[in-house]
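Good morning, and thank you for the opportunity to present. Please look at the sequence and the structure as they appear, and I shall then take you through some strands and some aromatic rings.

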Amino acid sequence: MLNVAILGFGVVGSGVYEVINMNKEKLSDRIGEPISVKKILDLRTFPGTPYESIVTSDMNEILSDPEISVVVECMGGSHPAYDYSMASLKAGKSVVTSNKEVVANFGSELLAEARKNGVKYLFEASVGGGIPLIHPLCECLSINNVEQIAGILNGTTNYILTRMLNEGLPFDEVLAEAQRLGYAEKNPTADVDGIDAARKICILSDIAYGKEVSVSEIRAEGIRNITSRDVEDAHKIGCKIKLLGYSRPDGDGIYCLVAPFFVPVENIISQADDVFNCVLVTGNAVGDVAFYGRGAGKLPTAAAIVSDITEAVLSSSCKLLWTKNNNKDYVRDPETLPGRLYVRFASDNASFITDTVSCEASVISEKDGKVSVVTGITTEKELKKSLCILEEKGIKAESLIRLL
């Protein structure tokens, strides 16, 4: 009998219980023995439910039980999720999680502890929900040098931007709608300010490039300042605005950031609308590989977790591993990343703006006392020199967005 404990019985934890019981026969056939949820850790007692008798509020009951071999952490937040995960690994139990915050902040430590104790620390559901992404990246694509990762990693922001494009609605109105529909939390900060996507691109970069990237090291921009005018301007040049997690190697370091991008409509990422995620991984041998689907949801996320449970039991080795990074310059300043940039100015002096912005800027719209331009290949650092000159003349840049 494979006995599992679930830590946290909210949306995802209860989904794991549901998937295990819904597919119990298939799972048992796959792992070669029956599977059962033996303990559920939660502060609630769930009276009158089929699982009332297995609920506990004492983590020690799980740690001390030799029959429990896999612990599923669905608590969210860093603590006590990290502490319970580490204690479980030290107790010789594999840990499976969907907790991107813990993986992003403590992944290297937990992976090292798992290896030390001959168990697994697996987290397929931490990025992309039910989309298979982490295992393909570290297994199927492992012989490739990853040249770039770019993708929509947050369904809430993608829903908001899609509605802004399709309906011409302002950000605040669409955010309120997303909250009513349950796509956005009451406090939407982690989503709309890019924090959620930052944790995920850090995890993907850790796996792809082998060194730990801290969330605190990367710049995360959200979508609060995106206006209907920006969305309209993107459409004029054959693009859609998407909030992307982006990383690529640069010598002995990497660029890694979260920001709004103008994405050309011919790029597959631009075709992912509403709450869908799409991640494009470019390998030097395989080329572009796309991963698309719902990036969240009770059963899709639970299915990814249950898949990891079978992986923990069946696989004799785990290729998930990255090292601590002691090079403070490993993550490059995104202001030095070359590319084309969109800038919206609070001015109607288009000729003076294009003359001052020396990197072959072209005007894409002039309306309502505002001018929008797209530059040639430059860096944000170089462009800001021109922006300072313009600001001295009373011409202020209101928006700056990268082109993918």
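Let us begin with strand β7, which covers residues 146-152. Five of its seven residues are buried, so this strand is largely enclosed by the rest of the structure. Please keep in mind that the model is a predicted one.

Which strands pair with β7? One partner is β11, in the antiparallel sense, over six bridges. Within that pairing, Gln148 has Thr282 of β11 as its bridge partner. Another partner is strand β9, residues 239-250, again antiparallel, with three bridges. Here Ile149 stands opposite Ser247 in β9. As a general point, side chains in a regular strand alternate between the two faces of the sheet.

I turn now to the aromatic rings. How many aromatic pairs does a search of the whole structure find? The search gives twelve. One of them joins Phe276 and Tyr292, whose ring centres are 5.2 Å apart with 0 degrees between the planes, and this pair is stacked. Phe276 lies in strand β11, residues 276-283, and Tyr292 lies in strand β12, residues 287-294; the two are 16 residues apart, and the pair links distant parts of the chain.

Are these two rings' residues buried or exposed? Phe276 has 22% relative accessibility and therefore counts as partly exposed, since buried means under 20%. Tyr292 is also partly exposed, because its relative accessible area is 49% and exposed means over 50%.

Finally, ring pairs also connect Phe9, Tyr17, Phe46 and Tyr51 into a cluster. Thank you for your attention.

How values were computed. Residues are numbered from 1 along each chain as its sequence is written. This is a predicted model: local features need pLDDT of at least 70, side-chain atom pairs count only at pLDDT 80 or more; totals for chains, interfaces and linings use all residues. Side-chain values use heavy atoms; hydrogens and water are left out. Rings of Phe, Tyr and Trp (its six-membered ring) pair if their centres lie within 6.5 Å; planes under 30 degrees apart count as stacked, over 60 as edge-to-face and the rest as tilted. Helices (H or I, at least four residues) and strands (E, at least two) are DSSP runs, numbered from the N terminus. Buried means under 20% relative accessible area, exposed over 50%, partly exposed in between (1.4 Å probe, protein chains only). Two strands pair if DSSP finds at least two bridges between them.
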